Amino acid sequence: MRFSSFTRRLKTPSGRGNMSDVRSRKGGKKTVKAVGPRQWAFDGEGNILGFSFKALRADVLVRLKTDNLYTLEECKVMIKEMLKYSTAWCEVELAQLMYLSNLHRKLIPDASLHLNYQWPITTAPVLPFDFAHDLPTTNPRFRIGKLVEELNKSLIRLADQLLMQRKERLLFAARLLEDLEAVEELR
């Protein structure tokens, strides 16, 4: 398996990594509290099990604080996984937006030209860019370390951007649905 070195490097003998189990008396649910970097598990096809953007974002923030950064290979795997999820979302959501847009145009022909929708204003990235070429040092090891750190920060930026784009698509769909619910023919 091509990810064996990735999982072997991250796993501890218990198979859970630096995770501590906390059992709650309320409802008897078992929750896992992260006290260190998250340990990702893979299925037989190389897909990450239990992947979520929120978990990845939290994991990268923990890794940035503890200086236990993802390697370039691990960043590549995470980027591929994020893009796989985002592509799947886009395929479904854009098809639904096209359907809603066509229905909106058909039922409300005059309003299609004047659809009042303000796209949310995107904010500046939470983590500022810090490029290694601006640094006064010529130590290549330090520069590569800064590059790996910046790539880990970029994982957070990419996750935030992909989630923001999804939120914008869903808000636009909600706006179209709001207009369609006001139409007398659909009632």
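Here are some short exercises on this predicted model, each with a worked solution.

Residues are numbered from 1 along each chain as its sequence is written. Because the model is predicted, local features need pLDDT of at least 70 and side-chain atom pairs count only at pLDDT 80 or more, while totals for chains, interfaces and linings use all residues; side-chain values use heavy atoms, with hydrogens and water left out.

**Exercise 1. Work out which elements the protein chain has and in what order they run.**

Step 1: Start with the terms: helices (H or I, at least four residues) and strands (E, at least two) are DSSP runs, numbered from the N terminus.

Step 2: Count them up, and you get four helices and four strands.

Step 3: Now walk along the chain from the N terminus, and the pattern reads α-β-β-β-β-α-α-α.

**Exercise 2. Find out how much of the protein chain is buried.**

Step 1: Fix the cut-offs: buried is under 20% relative accessible area, exposed is over 50%, and partly exposed is in between (1.4 Å probe, protein chains only).

Step 2: Apply them to the 187 residues, and 32% count as buried.

**Exercise 3. Explain what the salt bridge between Asp160 and Arg57 ties together.**

Step 1: Check the rule, which asks for a side-chain nitrogen of Lys or Arg within 4 Å of a carboxyl oxygen of Asp or Glu. The structure holds nine salt bridges.

Step 2: Look at the pair itself: the closest N and O atoms of Asp160 and Arg57 are 2.7 Å apart.

Step 3: Place the partners. Asp160 sits in helix H4 (residues 140–181) and Arg57 in helix H2 (residues 53–66), so their bridge ties together parts that are 103 residues apart in sequence.

Step 4: Check the surroundings: Asp160 is partly exposed at 25% relative accessible area, and Arg57 is partly exposed too, at 24%.

**Exercise 4. Describe the salt bridge of Lys153 and Glu149 within helix H4.**

Step 1: Their side chains meet at 3.5 Å, N to O.

Step 2: The two are four residues apart in H4, so about one helical turn separates them.

Step 3: Lys153 counts as buried at 15% relative accessibility, whereas Glu149 is partly exposed at 21%.

Step 4: As a follow-up, look for a network: salt bridges with shared partners join Glu93, Arg166 and Arg169 into one.

**Exercise 5. Classify the ring pairs made by Phe51 with Trp40 and with Phe53.**

Step 1: Grab the rule: rings of Phe, Tyr and Trp (its six-membered ring) pair if their centres lie within 6.5 Å; planes under 30 degrees apart are stacked, over 60 edge-to-face, and the rest tilted. The count comes to four aromatic pairs.

Step 2: Trp40 and Phe51 have ring centres 5.6 Å apart and planes at 40°, so this pair is tilted. Both residues are buried.

Step 3: Phe51 and Phe53 are 5.8 Å apart, centre to centre, with 65° between the planes, making the pair edge-to-face. Phe53 is buried, at 5% relative accessibility.

Step 4: Zoom out, and ring pairs link Trp40, Phe51, Phe53, Tyr85 and Trp89 into a cluster.

**Exercise 6. Identify which rings Arg38 and Arg63 sit over.**

Step 1: A charge sits over a ring if NZ of Lys or CZ of Arg is within 6 Å of the ring centre and within 35 degrees of the ring normal.

Step 2: Arg38 lies over the face of Trp40, 4.4 Å from the ring centre.

Step 3: Arg63 has its charged end over the ring of Tyr70, at 4.1 Å from the centre.
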